[in-house]
Amino acid sequence: MRTYPFRLATLLPLCLLPMHPVESQTPTPVPKIEPKVVIDLDRDADGIQSTLDYDPNANKPIRGAIVLVGSEEDEVSDFSIEIEATNSHGGEAIDCKRTTLLDGEILSNLGINFCADSTFMKSQLFVSPPIAVGTDEFLHCFEFDLFPTCEPGEFINLEFTKTEDNPQRGLRINGAVREFGPSFPSTLEIATEGATIYCRDLDTTRTPLPTPTNTPFILEKVVIDLDRNQEGIQSTLDYNTRYEDPIRGGVRVLGSKSDGVNYYAIEIAASKEDGEAAIDCEKTEFFSGEVASSLESGSCGSNLLGHASRFEPRSVGIGRDGELTCFEFDLYPICEPGEIIELDFTSGSEDQLLGIYYNDRFRSILGDLFPIEVEGATVHCDEFDAPRTPTPIPSLTFTPTESPTLTNTQTPTNTPTPTNTPLVPQRLMIDLNREELGAQSYTIFDPGSDTQIKGAVVVLGAGEDIVGNFAIAVSANREGHGEAIDCEGSEFFDGEITSRFGSEFCRSASIGKSFLLVDHPVAIGTDRRLILFEFDLHPLCEPGEVIDLDFITTFENPQLGLTFNGMARTIGQGGSPITTEGAKIECIDPSTLPTPTPLPTFTPAPACTDLGFYLLDSFGGRHAVGDPPSVMGSLYYGRNVARDLEIRDLFVFLDLAVLDAFGAVQFVQYPKQTPPQMFYWPDGTQPPHGPAVDLVMSRDGMGFWVLTEKGGIYRAGSTLPPGEDPLLGNDAEDLTGVLGIPFGGEVPRAPSLPQDDNASIRAVSLVVVQTEDPLAPDGYIVIDSQGGHYLFDSIGNFRDNESPGSLLNADSGANVTVYPFFQGLDIVRDLEPTADESAAILLDGWGGVHPIPVEFGENNPVAFIRNEPPAQVDTLGLPYIQVGFDNPSTEEDEGDLTSYGADANSIFRDLEFCTRGNGIYILDAFGGVFTFGNTRSAADSLLPRLGLGPYFYPNLYAADMETFEDSGI
C-alpha cells in the first residue's frame, strides 16, 4: 500500500499563483441503473456469467455469487435470498454436503444460510451501516462454491424463489424493501435474472471452461491511519498547534477481501525526543470501527493508547477495498512547534497478548508467534497561518435498528470461543470480595448482621508492570449521613507489597493506607492483578441505603497515588493520572433476595446424550444448535410476539409447537395437524386474562394447555372435555382477578428497588402433572413472578394435600414440598419439572437456580443442583447477574436502576434439563446458553457441549429453547 505524505505548509503558496479561466462545460449526466439481482456463475471473471459449461467428472465447484447490479450510490442493507435449482431430468440438483455459502460484501450481526437438494439460501440481517454498490456497479450479496448433481447432457436452471412462495424473500435497497415477485400489488418489486448450468463431458466439446482470474495478493498489515476521513492510509501528518483540533485517525488491517478479523488487542506507544507526555488523555476519545463486540475497552496514558475488542460473533471480512477499521480515535497531541511525535505499535515481545485474530489464527504485533507486519506513523507539530477548516465528523458507532425479516431453522454460524485475553488497561479498583475471582465492584450487605465486607484495593495491568510505593485513600459516601464506616469493627491487612514504613487510617467516612520506602517493587504477575492492601470493613447503613466507595483524588491530597513502572501515577488530578474504578455497597434485607447458586466442587456426571436444541427468538425464528432432528417450516411472525417453544412427539411425527402472545399455538413442520382451539385474542384487542406466556403439550401430542399473564389456564384439542369452556374454571378462574397487578401502592415491593417501575406480580410458568388421560391430569401448578405457587386439581379447585412428596403437596402436612418465595421482587422466570414431574428447578432472572424439593433425599432427582456432598457436580458455578439491562427496542432506558428495577429487567429466561442425567441449560435474553452438570463442554466451562448458537446482543430477542436426546423424544 503506497502512502502519500504531505505538508500543508508547502501546499498553501499554490493558492497565490495566477489562475486562468477555464471554459465552462456541462457534465454529461450519468444514467441511473435500475437495480437488478442476478446470478453470476463465475465470480472470478469480469462481468456476469449467466451460463456456464460444467464437467460433472471434474469434481470442481462452480464459484459463483449473487450480485446486485445498480448505480454506485445505491445502498443495500438486509437481504434474504433463496435460489431454486431445477434439474432438467428431475431429482436432486445440488450436492449440499460439499456446497459452501460464503459472505460477500454485506456483513451483519446475524447471518443465516442453508442448502437443500433443490434450493440454497442465505440472509444477512441487521446490517450496519448500509453498503453502497460502488463505482464498479456490482455488489456481491453472497458467494457460493456450488457442486451440481447432474450427468452429461442434462442442464440445471437456477432461479430466484419468489415472495409468493415465501413473503420474506427480497432485500432492502435505499431504505425500501424490494421483493422478488410481490405478494401485494403495492409492494416494490426488483428485477431478477437467473442462470443455466450445462452439464457436458468437456473432453468432447469445443467449449472450454473459462480460466479464473487470479486475485492479486495483498500484503497483510496493521497500520495507523492519521486521517480516517481521507482515502488511503496517511502515515504522516502535519499538526497545527495553533488550534485544539484532534487528529482523527484509526487503526486499520490491510489484506485481501476474503481475509477476516475476529478480535484484537492493540497498543500504540507515542514518543517524543524529550521523553515528556505526548497525549492529552482528558480529551482523547475512542470509537468502535468495523469489528464490533460484546466487550470493548479503550485505554489512554500520557505516552500510550490502546483498544481491545473481544467475542466478535463471527469473522468480519476485510472487503473489496482491502482495508478494515479495528477502531478509531480522536487524538489530542501534546507538542510544541518543531517537535515530532512517533506513533509505533507496542511489540508482542513486551506483551505477548497484543495482536489480532486474523483468518482464525492469532497474529502477534511484531512478536515471535505468527507476527503480522505493522506500520507506524509520524506527527509533525508546527504552527500554520492557514485558515481553520473543520474536519467532518463521521458516524462512529453502528446501532442496528431494523427488525429481522426472516427465519430459518438451520444451524447458524457458531460464535468462536475466544482464546486470547484482551489488552488490560492500567487501573485501580476496589474489590468488595477478595475471596472470589475477579474484582467485584458491587455487593449487598445485611445491616442487621455482624459480618464484614472482606475486600481489597487492587491495581490491574500487564503481568510485567511494576508497582512500588503507594498512598491510597478511599471515601465512603452514605447519602444524607456523615458516618458510613464502623471503624471499631473494621481491620486492615497488608497485600502483596511490603515495606519498611506503612500507615493506615479509618474514619467515619473514609479509609486509607500507604506503603512507602518499598524495598523491592513488585510485578503484577500473570493474573494481571496485584493486591495493594486488604480490609475487613463494617458499613453503617439501614435497609434501602447505598454507600458509594471512591478514590480520593490528588487534588484533595497531593500525596495520593502510586509508583507504576518507575513513574509516579496520581489519582484523578495532575501529573500522570491512573484510571480508577469505585464500588457500591447496597444495604438490603437478604431475606428478600434469591439465593445465588453456590460455588460448586467437581464430581464428573454421566455424559449427557442430547443431540442438540432449538432456540426460539421472539420473532418466531428457530435456530438449531448441535444436531437436533430436522424440523423445517415457514412459520415466522416478523415481530416480537413469539413466547414459548415445545416439542410435539407422536410416533413418527416429530414437530415443534410455537405459542404467540395472542394465545395461538402453531405446529411448524405439519401445521395442518395443529389441534383446533377455541380461544385467540387478535392484535389490538384486550385479552380477558392477559396475554399468553407459557405452553404445555399433552403427552399424546394432540392437545395443549396455555397459561396467560393473569393466571388463566386454557385447554385445546385432547385436553378440552367436550362441551366445556376452554378456560379452566372454579378457583383457577378466580385467580385471574388476583394476578397481573403492578407493584407499588398497597402491593409490597422490595424497599431497595424503585416503587413505580414496570415490575408486576403475574403468572410466568405452568406445570401440568399429567396422567395417561389428558382430560384428567393429577393437577396444575401456576407460578407467579414472586415465586408464589397455586395448586389446582383437574377441574380447577385448589388442591388438598393428597400427594406426599410431590410437587402438588406444598401447603401443610407430612412430606411438604417447599417452594422458594421472593417477596417484593419481580424475579421468577421459569419452573421446569423433571420428566416424571416429581421435582423441579425454579429459575430466577438473575440466574439463580433453586431445587424443589430443596432437601437431599434418595429419590430427589434435582439434589445435584445444590452441588454439595453427596451430589457434587462442577468446579464452576453458573453466572449470577444482578443488574438491569436496557432493551434497545424501546425509547426508555430500562438499564437505569434508579427508575427501573434490576429484577424486572433481569436477563435470564428459560431453564431446560438434559434429557438424561444430571445437567441443565439456562438461556439469557441475548441468546447466551450456560450449562451446569453433564451438559458442559468441560468441568470448568460454562459453555454447552453442543456448541454455541445465535447471539443477539444488544437485542433481547431470545425467548425459549427445547432440547432433543438421541431417541428424538
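These are my notebook entries on the strands, the nonpolar cores and some of the disulfides of this chain.

I am working with a predicted model, in which local features need pLDDT of at least 70 and side-chain atom pairs count only at pLDDT 80 or more, while totals for chains, interfaces and linings use all residues. Residues are numbered from 1 along each chain as its sequence is written, and side-chain values use heavy atoms, with hydrogens and water left out.

I looked up the secondary structure first and noted two helices and 62 strands, taken as DSSP runs numbered from the N terminus (helices H or I, at least four residues; strands E, at least two). I then noted that 52% of the 969 residues count as buried, which is to say under 20% relative accessible area, with exposed over 50% and partly exposed in between (1.4 Å probe, protein chains only).

I turned to the largest nonpolar core, which has 39 residues; such a core is a set of buried Ala, Val, Leu, Ile, Met, Phe, Trp, Tyr and Cys residues joined through side-chain atoms within 4.5 Å. Leu428, Val459, Val467, Ile472, Leu532 and Leu549 touch the most other members. Strand E32 (466–478) is one of the strands that each supply at least two residues of this core, and E32 gives the most, with seven residues.

I also looked up cysteine 487 and cysteine 506, which form a disulfide (a pair of cysteine sulfur atoms within 2.5 Å) with their sulfur atoms 2.1 Å apart. Cysteine 487 lies in the loop between E32 and strand E33 (491–494) and cysteine 506 in strand E34, so the pair ties together parts that are 19 residues apart in sequence.
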